[in-house]
Amino acid sequence: MPHSANTSALSLAIVKQIILFSSLLLLSFVAGCSLRPDTFVAKGDLAFSTDTVFFDTIFTSLPSPTERLVVRNYSGKNMLISKIKLEKATDYSLIFDGITANEIDNYELEDGDSAIAFIKFTSDEKDAFNRDRLLFTVGGNTQNIEIESFIWDAIFYKDSVLGGFGGSNLTVFGPDKKHVIDGPLYIADGHTLRILPGTQIYFTPRKDENFNLISSIIVFGRLLVEGTQGNEAVFQQTRFGSRYDEQGGQWRGIAFGNIAKASVIDHAIIKNGLIGIYLEYQNTGVSPKVLITNTE
């Protein structure tokens with residue numbers, strides 16, 4: 001019996017401690033909730049990470065990278081932003097602090113806090129300059145951030161084969177339009193791809209299910225790159241901006257298969273590739289598989 005009495009007393013003490021601890025947790029939770037201010041005022045100026053959100057040159061119908069804007073409240077007050085709005089909202093779309101909408105009402109931003117706006121752009125315009133504005137209204141005051149982009153029209157090749165099905169045995173890429181290659185572009189045996197001076201060829205960073213880059217030119221026929229000094233043919237990535245200009249590994253490269261022969265690359269700039277130029281060792285022709293001159 002004494003042992004049973006001691007056990008009961010110990011159990012009761014443990015229960016009391018659990019109740020006390022739970023009460024303290026509840027009080028702490030309530031106190032924490034009450035720390036959020038009740039008052040947000042429609043007054044003050046916001047601070048922004050930039051005054052212009054600029055999309056480097058992008059291509060018609062090709063989704064752009066997402067640009068971001070950081071919005072900060074240094075006003076000394078808990079601020080009520082009456083309205084956040086894309087002015088035109090035709091080609092741009094907005095995600096603000098996780099909210100997907102091109103117009104948001106009564107957003108609360110505490111003093112010293114910040115929020116991030118993500119902006120995407122897709123347009124069917126061709127060779128045009130596009131502009132919108134992101135508006136932030138606090139009370140009677142509206143601040144705006146300019147959004148700008150330039151769009152290029154281009155010819156797209158997605159998982160394409162040139163030749164091999166009859167018809168002409170020659171395809172010509174010229175400088176009149178940009179050429180965008182998404183996935184592999186095959187030059188079939190017996191077919192020739194001729195690339196004229198000043199032609200700009202862009203490759204997407206597309207990957208397969210194993211995360212291997214696949215945008216490339218694969219030659220089984222002939223590739224004739226006919227750039228000239230000061231008017232080189234350029235092979236590069238589709239993503240623009242300083243962080244991409246000299247970054248390698250953004251598209252796969254140019255590959256010559258074992259039956260390719262008599263190709264020429266002259267006055268070309270080949271940049272941002274994973275491999276650059278790849279040749280299978282076997283040469284089935286009497287002439288060199290590919291002659292490369294004046295090329296960077």
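**Exercise 1. Find the largest nonpolar core of this predicted model, and say which residues have the most contacts inside it.**

Start with the count: the largest nonpolar core holds 27 residues. Inside this core, the residues with the most contacts are Ile84, Phe96, Leu134 and Phe136.

Next, see where the core residues come from. At least two residues each are supplied by β2 (52-59), β3 (67-72), β4 (79-86), β5 (92-96), β7 (103-109), β8 (114-121), β9 (128-138) and β10 (141-152).

Now look for a second core. Apart from the largest one lies another, with 24 residues, and Ile181, Leu185, Leu223 and Phe235 are among them.

**Exercise 2. List what leucine 134 touches, leaving out residues up to four places away in sequence.**

Go along the chain from low numbers to high. Before leucine 134 you'll meet Leu69, Ile84, Lys85, Leu86, Leu94, Ala117 and Ile119. After leucine 134 come Gln143, Asn144, Ile145 and Ile147. Ile84 turns up in this list, and Ile84 is also one of the residues with the most contacts in the largest core.

**Exercise 3. Is isoleucine 145 buried or exposed, and what is it in contact with?**

First, place the residue: isoleucine 145 sits in strand β10.

Then check the accessibility. Isoleucine 145 has a relative accessible area of 2%, and buried means under 20%, so isoleucine 145 is buried.

Now the neighbours, again skipping those within four places in sequence. Isoleucine 145 is in contact with Phe48, Thr50, Asp51, Thr52 and Val53, and also with Leu69, Asp132, Arg133, Leu134 and Phe136.

Finally, pick one of these and compare sequence with space. Threonine 52 and isoleucine 145 are 93 residues apart in sequence, yet their C-alpha atoms are 5.6 Å apart.

**Exercise 4. Work out the strand order of the five-stranded open sheet and follow its pairing.**

Read the order across the sheet: β12-β14-β17-β20-β23, with parallel pairing. At the edges are β12 (170-173) and β23 (290-293), each of which pairs on one side only. From one strand to the next, the twist averages 15°.

Now step through the pairs. Four bridges link β12 and β14 (residues 192-195) in the parallel sense. Along this pair, leucine 170 stands opposite threonine 192, and valine 172 has arginine 194 as its bridge partner.

Move on to β17 (residues 222-226): it runs parallel to β14, and four bridges join the two. Here arginine 194 turns up again, standing opposite leucine 224.

**Exercise 5. Which residue makes a polar contact of 2.7 Å with the side chain of threonine 293?**

Start with the location: threonine 293 lies in strand β23, which is one of the sheet's edge strands. Its relative accessible area is 29%. Since partly exposed covers the range between 20% and 50%, threonine 293 counts as partly exposed.

Then collect the candidates. Not counting residues up to four places away, threonine 293 touches Ile265, Asp266 and His267.

The residue you're after is aspartate 266: its side chain is joined to that of threonine 293 by the 2.7 Å polar contact. These two residues are 27 positions apart in sequence, while their C-alpha atoms lie 4.8 Å apart.

**Exercise 6. Are serine 160 and threonine 204 buried or exposed?**

Take serine 160 first. You'll find serine 160 in strand β11 (residues 154-162). Its relative accessibility is 17%, so serine 160 counts as buried. A polar atom of its side chain lies 3.2 Å from the backbone nitrogen of lysine 158. Beyond four places in sequence, serine 160 is in contact with Pro184, Leu185 and Tyr186. Leu185 also belongs to the core of 24 residues.

Now threonine 204, which sits in the loop between β15 (200-203) and β16 (216-219). With 5% relative accessibility, threonine 204 counts as buried too. Its contacts beyond four places in sequence are Val180, Ile181, Asp182, Gly183, Ser215, Thr238, Gln250 and Trp251.

**Exercise 7. Describe the whole protein chain: how many helices and strands does it have, and what share of its residues is buried?**

Count the elements: there are two helices and 23 strands. Of the 296 residues, 38% count as buried.

Then turn to the contacts. Among those with a separation of 6 or more, 69% are between residues 24 or more positions apart.

Last, the surface: the accessible surface comes to about 16200 Å², and carbon and sulfur atoms account for 54% of it.

Terms used. Residues are numbered from 1 along each chain as its sequence is written. This is a predicted model: local features need pLDDT of at least 70, side-chain atom pairs count only at pLDDT 80 or more; totals for chains, interfaces and linings use all residues. Side-chain values use heavy atoms; hydrogens and water are left out. Two strands pair if DSSP finds at least two bridges between them. Axes are lines fitted to C-alpha atoms, for helices over the stretch in contact, and angles run from 0 to 180 degrees between N-to-C directions. A nonpolar core is a set of buried Ala, Val, Leu, Ile, Met, Phe, Trp, Tyr and Cys residues joined through side-chain atoms within 4.5 Å. Buried means under 20% relative accessible area, exposed over 50%, partly exposed in between (1.4 Å probe, protein chains only). Contact means heavy atoms within 4.5 Å. A polar contact is a pair of N or O atoms within 3.5 Å; within protein, one must be able to donate a hydrogen and the other to accept it, and residues adjacent in sequence count only if both atoms are side-chain atoms. Accessible areas come from the Shrake-Rupley method with a 1.4 Å probe; for residues, only the protein chains shown count as cover.
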